[in-house]
Amino acid sequence: MVHASKLWDKRVFVVQVTDFRTDCVEIRILASAETSPMLFDLRCEIREKILLFFQNRYPSAFPRVRTALTRLVAKDPEP
């Protein structure tokens with residue numbers, strides 16, 4: 001995906017596993033672009049494409065968080 005991006009200036013591209021735990025893996029991706037605004041756009045593009053890749057191929061890799069909703073009871077206004 002980085003090689004196909006028009007934003008990448010072909011100077012730096014590195015993928016590193018920076019942490020590995022029982023419940024998650026942290027990966028750092030470094031890539032370069034000609035300007036700061038282009039680098040910001042490249043980072044967003046990489047992040048979005050990685051998320052789409054995992055959503056399409058490995059949907060079970062995402063954490064599942066269950067939320068218990070409770071009803072709030074309105075208090076009577078004080079006199």
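Among contacts in the chain between residues at least 6 apart in sequence, what percentage join residues at least 24 apart? In this predicted model, the share is 30%. The chain's secondary structure consists of one helix and two strands, arranged β-β-α from the N terminus on. The radius of gyration is 21 Å, well over the 12 Å that the globule rule gives for 79 residues, so the chain is more spread out than a compact globule.

**Dimensions and surface**

- The C-alpha trace spans about 70 × 35 × 25 Å along its principal axes.
- Buried residues make up 13% of the 79 in the chain.
- The chain has an accessible surface of about 7,600 Å², and carbon and sulfur atoms account for 56% of that surface.

**Charge**

- Positive side chains number 13 and negative side chains number 10.
- The centres of these two sets lie 6 Å apart.

**Serine 5**

- Serine 5 sits in the segment before strand S1, which covers residues 13-20.
- Serine 5 counts as buried because its relative accessibility is 5%, and the cut-off for buried is under 20%.
- When neighbours within four places in sequence are left aside, serine 5 is in contact with Leu42 and Glu45.
- With glutamate 45, serine 5 also forms a side-chain to side-chain polar contact of 3.1 Å.

Definitions and conventions. Residues numbered from 1 in each chain as written. Predicted model: local features only at pLDDT ≥ 70, side-chain atom pairs only at ≥ 80, totals over all residues. Heavy atoms only, no water. Helix = DSSP H or I, 4+ residues; strand = E, 2+ residues; numbered from the N terminus. Rg over C-alpha atoms; globule rule 2.2 N^0.38 Å. Buried < 20%, exposed > 50% of the residue type's maximum accessible area, 1.4 Å probe, protein only. Contact = heavy atoms within 4.5 Å. Areas by Shrake-Rupley, 256 points an atom, 1.4 Å probe, with all protein chains shown as cover. Lys, Arg positive; Asp, Glu negative; His and termini not counted. Charge placed at Lys NZ, Arg CZ, Asp CG, Glu CD. Polar contact = N/O pair within 3.5 Å; in protein donor to acceptor, adjacent residues only side chain to side chain.
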